[in-house]
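Reader: I am new to this structure. Please take one part of it and walk me through that part closely.

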Amino acid sequence: KVQSLSPPTPPHIFIGGLGYCGLRIAAALHEQYPDCIISGTVRSKERKDAILSSSSNSWLTGSVYVLDLDDNYIGLDTDGVMDLASASHIIQTV
């Protein structure tokens, strides 16, 4: 006998790389699991501001952190590390 189980709703998804693919993955996950918290990283403050100010990303319920791996290496700040550590699921797109 095969049981039909619904997938568990992930409470917190952290996406490393909220760029072209990451935002689309996040949007699809939000559509499927509207109660989950989605947070993640971008490569610049300008990109963070653009994502947070866009009305098309109003579903983004978690925080967005700058993770610059290029010119001026800046790792995750303390809040970003705590957010990453509390995630139930991690998706890496970079």
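Author: What follows is a close look at strand E1 and the parts around it.

This is a predicted model. Start with the overall layout. The protein has three helices and four strands. Along the sequence they follow the pattern β-α-β-α-β-α-β. Of the 94 residues, 32% count as buried. Contacts reach far along the chain. Among contacts with a separation of 6 or more, 62% join residues 24 or more positions apart.

Now the sheet. Its four strands form an open sheet in the order E3-E2-E1-E4, with parallel pairing. Strand E3 (64-66) and strand E4 (89-92) stand at the edges. Each has a single partner strand, so one side of each is left without a neighbour in the sheet. Neighbouring strands are turned by 15 degrees against each other on average, direction ignored. Strands of a sheet pair through backbone hydrogen bonds, either parallel or antiparallel.

E1 covers residues 12-16. In the strand order, E1 stands between E2 and E4. Take the E2 side. E1 and E2 pair in the parallel sense over five bridges. Here Ile13 stands opposite Ile38 in E2. The chain gets from E1 to E2 through H1, and this β-α-β crossover is right-handed.

Take the E4 side next. E1 and E4 also pair in the parallel sense, over four bridges. Two positions show how they line up. Ile15 stands opposite Ile91 in E4. Gly16 stands opposite Gln92 in E4.

How covered is E1? Five of its five residues are buried. In a regular strand the side chains alternate between the two faces of the sheet. In E1, His12, Phe14 and Gly16 point one way. Ile13 and Ile15 point the other way. Residues of both groups are buried.

His12 deserves a stop. This residue lies in strand E1. Its relative accessibility is 8%, so His12 counts as buried, the cut-off being under 20%. Which residues does His12 touch beyond its neighbours within four places in sequence? The contacts are Ile37, Ser39, Asp83, Ser86, Ala87, Ser88 and His89. Of these, Ile37 and Ser39 fall within E2, which spans 37-42. Asp83 and Ser86 fall within helix H3 (78-86). His89 belongs to E4, which spans 89-92.

Next, the helices that lie on the sheet. Helix H1 (residues 20-32) lies across E1, E2 and E4. H1 runs at about 165 degrees to E1. Helix H2 (residues 45-53) lies across E2 and E3. H2 runs at about 165 degrees to E3.

E1 and H1 also share a core. The largest nonpolar core has 14 residues. Those with the most contacts inside it are Ile15, Leu18, Ala26, Ile38, Ile51, Leu60 and Val64. The elements that give two or more residues to this core are E1, H1 and E2. The largest share, three residues, comes from H1.

Ala26 links several of these names. Leaving aside neighbours within four places in sequence, Ala26 is in contact with Ile15, Leu18, Ile38 and Trp59. Ile15 is the residue that stands opposite Ile91 in E4. Ile38 is the one opposite Ile13.

Now step away from E1, to helix H2. By the rule used here, the count comes to one salt bridge. The side chains of Asp49 and Lys45 form it, at 2.9 Å, N to O. The two residues are four apart in helix H2, so about one helical turn separates them. Asp49 is partly exposed, with a relative accessible area of 37%.

One more stop lies in a loop. Ile74 is found between E3 and helix H3. Ile74 counts as partly exposed, at 45% relative accessibility. Not counting residues up to four places away in sequence, Ile74 touches Val66, Leu67 and Asp68. Ile74 and Arg43 are 31 residues apart in sequence. In space they are 9.4 Å apart, C-alpha to C-alpha.

Back to E1, to close. This strand pairs with E2 over five bridges and with E4 over four. Helix H1 lies across it. Five of its five residues are buried.

Note on methods:
Residues are numbered from 1 along each chain as its sequence is written. This is a predicted model: local features need pLDDT of at least 70, side-chain atom pairs count only at pLDDT 80 or more; totals for chains, interfaces and linings use all residues. Side-chain values use heavy atoms; hydrogens and water are left out. Two strands pair if DSSP finds at least two bridges between them. Axes are lines fitted to C-alpha atoms, for helices over the stretch in contact, and angles run from 0 to 180 degrees between N-to-C directions. Contact means heavy atoms within 4.5 Å. A nonpolar core is a set of buried Ala, Val, Leu, Ile, Met, Phe, Trp, Tyr and Cys residues joined through side-chain atoms within 4.5 Å. Buried means under 20% relative accessible area, exposed over 50%, partly exposed in between (1.4 Å probe, protein chains only). A crossover is right-handed if, with the strands pointing away from the viewer, the path from the first strand over the helix to the second runs clockwise. A salt bridge is a side-chain nitrogen of Lys or Arg within 4 Å of a carboxyl oxygen of Asp or Glu.
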